Amino acid sequence: MSSTALWKRGLILLICAWGILAAVPNLFYTRVEQHNDAAAAIAAAGGTATPDQEAALAEWPGLLPSALMNLGLDLRGGAHLLAEVRVEDVYKSRIDALWPEVRDALRGLRDQVGNVRRAPSPEGVLRVTIENPAGMAAALEAVRGLGSSVVTLTGIGQSTLDVTAQDSDIIVQLSEAEKRATDERTIQQSLEIIRRRVDQAGTREPTIQRQGQDRILIQVPGIGSAQELKDLIGTTAKLTFNAVVSRTTDAAAKPGPRNLLLPSVDEKGVYYIVEESPVVSGEDLVDAQPSFDQNNKPSVSFRFDTTGARKFGDYTAANIGAPFAIVLDNEVISAPVIQSHIPGGSGIITGSFTVEESTNLAILLRAGALPAEMSFLEERTIGPELGQDSIDAGKAAGLVGMVAVAVYMIASYGWFGMMANIALAINIALIMAVLSTIGATLTLPGIAGIVLTMGMAVDANVLIYERMREELRDGGNPRRAIEMGFERAFSAIMDSNVTGLLTAVIMFWLGSGPVRGFAVTLGLGILTSMFTAVYVTRFIVELWFDLRRPKTIVV
C-alpha cells in the first residue's frame, strides 16, 4: 500500500487540530459570549473592567479561540418586524422639490404667461396658476422639458412627469412609469438603510428582505425587544438645515405660506417658524460621529459632501448674525446664530444629549434618512428560552443520530467502523469550526442539515469498506485491499457528493430563510465529509496498519 506523503499527513493533522480547537468554544457558548462581550466593553471603555467583566475574562482563557456560531432568531431569540413603506411620501417630496424648478422654467416666459404662483393642491400633485392662459402651450412645453431631460429607471426618452392643463392651471405629477420606478427605488433604498443601521448597531446576521410590493421583513437575533428594534430603525432621522423666519411661544401661530411651525427640543414651549425648503439636507452628509463640544457635553459632529459643503458655506457667508435651525424629524434640536463663514462643510450638533443618544443619532445620520415613513404591521419578541428549547432538541436529535450511526458502523465493520466514527466526530467538529469562522448563522433547519450530514458522511466509508471486502474476497492481501478500497471508491464518492453539493448551492441561491439555513450546513457538511472520509479515514487506517502490520484483516 502506498502510504500518504509525509507533508499530506502533516496538513491533515493541522486541519483536524484547527477544527477541534475552533469548535470547542461552541460547547461553552454562554461563557465564551460573556468573555467576548466583556472584552468589547473593556475596549470601548478605554481599558477599565468591571468586576463582572474581569470574572468573565478570567473564566475563559484568552489564548483559546473565541469565535462562535451565530444563532438564528429561532435559536437565540430576538425581534421580528413586518413593516410597510409609505411610498406615497416620496411622491410628495419629489413634487415639492419640483416647484422651484418649475418656477425657474417659467420665469423666462414671463412675457407670455404673466405672473406665476403655486395653488393649493392634493399631496403628490403640483398645481401652478399662470396669469395669462394664452401662453399655456409654451408653459406646458417648458414644464414637460423638466421631465424629459432626466434619465431614470423608466428609460431614455420616457417622461418622468405627467403635465396637463386645466383652465389657467398647470397640473404636474409623476407619471405612472416613474411612480413604479420610484416605488422600486424607495424599497431598495429602505432595505439598504435598514441593513446599515442594524449592522452599525453591532447585531449579528439580521434577516432583512422584501415581501410583496411595499413591505419589508426584519428579523434580528439577540436584540432585547421589538420596541428596541423599532427605536433603531423606525426613526426616519431626516436632518435638514433651515432658515429661521421667527421665534414664538404661540403653538397655534400661523407660519405662513411655504413655512413650517416646529417645536424646539431644548426650549420648552418655544416654537420656530422656518422656511419649508431646507438650505441643505442630511442627504448631503458623508459622515457623522459622536463627539463632545467645548463644554465637554455629548454632541454629534458632521461633514457634508462637496455639494452640501458649497451650499452650507454660501449660506453661512451671506447670513452672518442670523439664526440657523437644525431640524431632525420635524423638531428643532438646535438654532445657533451664524457667527462666521463656515467654508469647510463640517460642524457640530449640540443639544441635551446623553452619550448613548449622541451615539444613536450619529448611527442614524450616518446610515442615511429613510426615504419614506414605515408603519409596522406585525411585531414579535421571541424570548431566548424558546431558542434554548430548540437548541436542546437539536442537541438531542444530533446525539441520537450520531449514536445510531456509530453503533451501525461498529456492528457492520468492527474496528474499521470505529475508525470511521472517529472521522465522523472530526467531521462534525470541522462543520462547527467553519460555521464559527465564517460567521454563518445556525438555525433549526441548519441543525437538520448537520444531522443529515452525519448519515451522509459515513456513506463514503461504506463504499470504501465494501470495495475492500471485494478485494479480500478476490484473494488480495490486506495492504492491497486497503489501497484499492480507497482508490476504487474515490470516483463514486466524488460523483455522489458533487451532485449533493450542486443541490445545496441551488437551494442557497434560489431559496431564502430556512431553506438557505439548511443549504449552508448541508453544503459545508458535504465538503467536510469528503475530506474526512477520503483523507482522514485513510490517514487513521494507514497509521493503524503501520503500527500493527496485521497479516489478515476483517472488514
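Okay, let's start with one pair of residues: V163 has a bridge partner in β6, and that partner is V172. Before going further, keep in mind that this is a predicted model.

So where does that pair sit? V163 is part of the story of β5 and β6, two strands that run antiparallel and are joined by 6 bridges. Strand β6 covers residues 169–174. If you're new to this, strands of a sheet pair through backbone hydrogen bonds, either parallel or antiparallel.

Now zoom out to the sheet. There are 4 strands in it, and their order is β3-β4-β6-β5. The sheet is open, and the pairing is antiparallel. Which strands are at the edges? Those are β3, residues 116–119, and β5, residues 161–166, and each of them pairs on one side only. From one strand to the next, the twist averages 25°.

There's a helix to look at here too. Helix α5, residues 88–107, lies across β3, β4, β5 and β6. Compare its direction with that of β4, residues 126–130, and you get an angle of about 20°.

Staying with this sheet, let's look at side chains. R127 and D169 meet in a salt bridge, at 2.9 Å from N to O. R127 is in strand β4 and D169 is in strand β6, so this pair ties together parts that are 42 residues apart in sequence. Is D169 buried or exposed? Its relative accessibility is 13%, and the cut-off for buried is under 20%, so D169 counts as buried.

That brings us to salt bridges in general. Side chains of opposite charge can pair when their charged atoms come close. How many salt bridges does the model have? The count comes to 15.

Here's one that spans a long stretch of sequence. D546 and R9 meet through their side chains in a salt bridge, with 3.3 Å from N to O. D546 belongs to helix α16, residues 514–548, while R9 belongs to helix α1, residues 6–23, so the pair ties together parts that are 537 residues apart in sequence. The two partners have their own accessibility values: D546 is partly exposed at 26%, and R9 is buried at 15%. They have company as well, since R9, R538, E542 and D546 are linked in a network of salt bridges.

Now a local example. R467 and E470 form a salt bridge, and their closest N and O atoms are 3.7 Å apart. Both residues lie in helix α14, residues 444–473, and they are 3 residues apart, about one turn of the helix. What about their accessibility? R467 is partly exposed at 33% relative accessibility, and E470 is partly exposed too, with a relative accessible area of 33%.

Let's move on to rings. The model has 11 aromatic pairs. One of them is Y315 with F324, which is stacked: the centres are 4.8 Å apart, with 25° between the planes. Y315 counts as buried at 16% relative accessibility, and F324 is buried with a relative accessible area of 4%.

Another pair is W544 with F545. Their ring centres are 6.4 Å apart and their planes are at 65°, so this one is edge-to-face. Both rings belong to buried residues: W544 has a relative accessible area of 15%, and F545 has 4%.

Back to Y315 and F324 for a second, because there's a cluster to point out. Ring pairs link F241, F304, F312, Y315 and F324 together. And a ring can have a charge over it as well: K179 lies over the face of Y91, at 5.5 Å from the ring centre.

Last stop, another sheet. Three strands, in the order β13-β14-β17, form an open sheet with antiparallel pairing. Which strands stand at the edges? They are β13, residues 285–292, and β17, residues 346–349; each has a single partner strand, so one side of each is left without a neighbour in the sheet. Here the twist averages 25° from one strand to the next.

Within that sheet, β13 and β14 pair in the antiparallel sense over 7 bridges, with β14 covering residues 298–304. And to finish the way we began, with a bridge partner: S291 has its partner in β14, and that is S299.

Definitions and conventions: Residues numbered from 1 in each chain as written. Predicted model: local features only at pLDDT ≥ 70, side-chain atom pairs only at ≥ 80, totals over all residues. Heavy atoms only, no water. Pairing = 2+ DSSP bridges. Axes fitted to C-alpha atoms, helices over the stretch in contact; angles between N-to-C directions. Contact = heavy atoms within 4.5 Å. Salt bridge = Lys/Arg side-chain N within 4 Å of Asp/Glu carboxyl O. Buried < 20%, exposed > 50% of the residue type's maximum accessible area, 1.4 Å probe, protein only. Phe/Tyr/Trp six-rings, centres within 6.5 Å; stacked < 30°, edge-to-face > 60°. Lys NZ or Arg CZ within 6 Å of the ring centre and 35° of its normal.
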